[in-house]
Amino acid sequence: MRGTIQNYYAGGNTAKGFYSLYDSALEGLDRLFILKGGPGTGKSSLMKAVGQKMVSKGIDIEYLHCSSDNESIDGVILPKYRVGIVDGTAPHVIEPKAPGVIEEYVNLGVAWDSEKLQKHKSEILTLNQQISTAFQTAYDTFAQSLKAHDDLEDIYISNMDFNEANELTNELIENLYGEESSEKQAKVKHRFLGAATPNGAVDFIQNLTADIGKRYFIKGRAGSGKSTMLKKIAAAGEERGFDVEVYHCGFDPHSVDMVIVREKDFAIFDSTAPHEYFPDRASDEIVDMYTRCIATGTDEKFATEIEEATKPYKDKMKEGISYLEKAKALRDELEDYYIKAMDFTKVEEMKKELIEEIEQLVGK
C-alpha cells in the first residue's frame, strides 16, 4: 500500500515580508538533511524523488511547498521516523542545533563547474539583485493591500457583537472537546495552509482535511472574529494536551486560518475567499459568524464603504502577485546559468546515497 502525502507551506510571501515557520515545521526531527546549492542545482527534484520513493514503500510523507515556485518543494518530512530533508538556502536559512548529530549538510555545489559560473558573474549578480528587488516590491505591495483590508475589517468590527462571538467560541470549544483531555504534553505545529504564489493564491485545505471526519466551514467577513476564534480553539486543545496543527494566513501571518486536531478528528477553518469552500460531505458543518455576530444589514448599510476598501485590497493583491511572477521569471533566467554549469550525474549519485541512508534509518 502506498503512503499518503500531506501538503502545506512552511514559509510564505506575506504582507510582513517573507515569513518563516520552518522552526516549528522541523521541530522534533531526529535527523535532518540540509541541502545547500544555488538555484537550478536539483534540490527540489532530489527531495521529490526521495519523497516518491518513500511513498512507494508505504511511508507517509509531508511536502513543504515553495511559495515562490509552484512546481518546487522546499522540504520533505517522514513524520513517523522523525526524518526530514530541507532546502537550507535563502530565504529559509536553517540554523542547525546539533550539526553532525541531528543535522547533516548535503552540498550540491560540488557538482557545478565554477569556471562556467565565473564567466557569467556579472549577469548572475545582476539577476540576484533584480530578484531581491522584485520580492521586496511584492511585500511592500501586499502591505498596502493589508492596509486596505484593515480598513475593511474596521467596518465590520464596529458592527460586531463581541459577547455573541465569545459565546459562539465557547459553544464550539465545548462541542469539540467536551470534558476530554490527554495526559501527555501537547505538540503544536505552526504552518501555512496556503500562500501567495506566482500563480496566485494557492491552498491545500482539501488535502489537509482529506481524512478528517468532521469539518467546520467558518463563514463571515473581514473582522468578524474568525482568526480570534480559531486561536482560542487551538489554545483550548493545547491546554487539554491534544496535538494541534495551527495554520496561519499566507497573507497576514499573525492571523490563523485553520486548526486541525487529528486526535479529535476535526478541522475548523476560515472558508472565505481566497480559500472559499462549501460542504460536500454529510458531516460537514457551516459556522456562520456574519449572521450570528454582525449587526443585521451591515453589508447593505455600508455597501459604498465596503466597496471602496475592497477594490484597493484586491487590486494591490493582484499587483503583488505580478511581482512574484516577475521574480519567478528572473529566477528561471538565473537557474539556467546554474543548470548549464551542473554535472547532474554527480547529483544523481548524491541522491542515491541519500535514499540509501534514509532507507537504513527507516528500516526499509
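**Exercise 1. State the volume of the second largest pocket in this predicted model, and describe what lines it.**

Solution. Begin with the volume: in this predicted model, the second largest pocket has a volume of about 960 Å³. Next, turn to the lining, which is made by 34 residues, and note that Gln6, Glu62, Pro79, Arg191 and Glu245 are the ones that lie nearest the centre of the pocket. Then ask which elements give two or more residues to this lining. They are strand E1 (5-9), strand E5 (61-65), strand E9 (188-192), helix H6 (205-208), strand E13 (244-248) and strand E14 (256-261). Finally, sort the lining residues by character, which gives 15 nonpolar, five polar and 14 charged.

**Exercise 2. Describe how helix H5 and helix H7 pack, and list the residues that meet.**

Solution. First locate the two helices in the sequence, with H5 covering residues 162-177 and H7 covering residues 226-239. Their axes are 10 Å apart and make an angle of about 35°, and the crossing in which H5 passes H7 is right-handed. Now look at the side of H5, where the residues in contact are Asn166, Leu168, Thr169, Leu172, Ile173, Leu176 and Tyr177. On the side of H7, their partners are Met229, Lys232, Ile233, Ala236 and Gly237. As a last step, divide the residues of this contact by character, and you obtain eight nonpolar, three polar and one charged.

**Exercise 3. Find where the cis peptide bonds from Ala90 to Pro91 and between Ala273 and Pro274 lie.**

Solution. Take the bond from Ala90 to Pro91, which is cis with omega near 10°, and place Pro91 in the loop between strand E7 (83-87) and strand E8 (103-107). Then go to the cis bond that joins Ala273 and Pro274, for which omega is about 10°, and place Pro274 in the loop between strand E15 (266-270) and strand E16 (285-288).

**Exercise 4. Decide whether Arg82 is buried, partly exposed or exposed, and do likewise for Asp265.**

Solution. Start with Arg82, whose phi is near 55°, a positive value in a residue other than glycine, and which lies in the loop between strand E6 (73-78) and E7. The relative accessible area of Arg82 is 35%, and because partly exposed covers the range between 20% and 50%, Arg82 is partly exposed. Continue with Asp265, where phi is near 60°, again a positive value in a residue other than glycine, and which is found in the loop between E14 and E15. Asp265 has a relative accessible area of 35%, so Asp265 is partly exposed.

Conventions:
Residues are numbered from 1 along each chain as its sequence is written. This is a predicted model: local features need pLDDT of at least 70, side-chain atom pairs count only at pLDDT 80 or more; totals for chains, interfaces and linings use all residues. Side-chain values use heavy atoms; hydrogens and water are left out. Axes are lines fitted to C-alpha atoms, for helices over the stretch in contact, and angles run from 0 to 180 degrees between N-to-C directions. Helices (H or I, at least four residues) and strands (E, at least two) are DSSP runs, numbered from the N terminus. A crossing is left-handed if the near helix is turned anticlockwise from the far one by less than a right angle, and right-handed if clockwise. Contact means heavy atoms within 4.5 Å. Ala, Val, Leu, Ile, Met, Phe, Trp, Tyr, Cys and Pro count as nonpolar, Asp, Glu, Lys and Arg as charged, and the others, Gly among them, as polar. Buried means under 20% relative accessible area, exposed over 50%, partly exposed in between (1.4 Å probe, protein chains only). On a 1 Å grid over the protein atoms alone, a cavity is a set of points where a 1.4 Å probe fits but cannot get out, and a pocket is an open set with protein on both sides within 12 Å along at least five of seven lines; lining residues have an atom within 4 Å of a point. Grid points are joined across faces, edges and corners, and a volume is the space filled by probe spheres set on the points.
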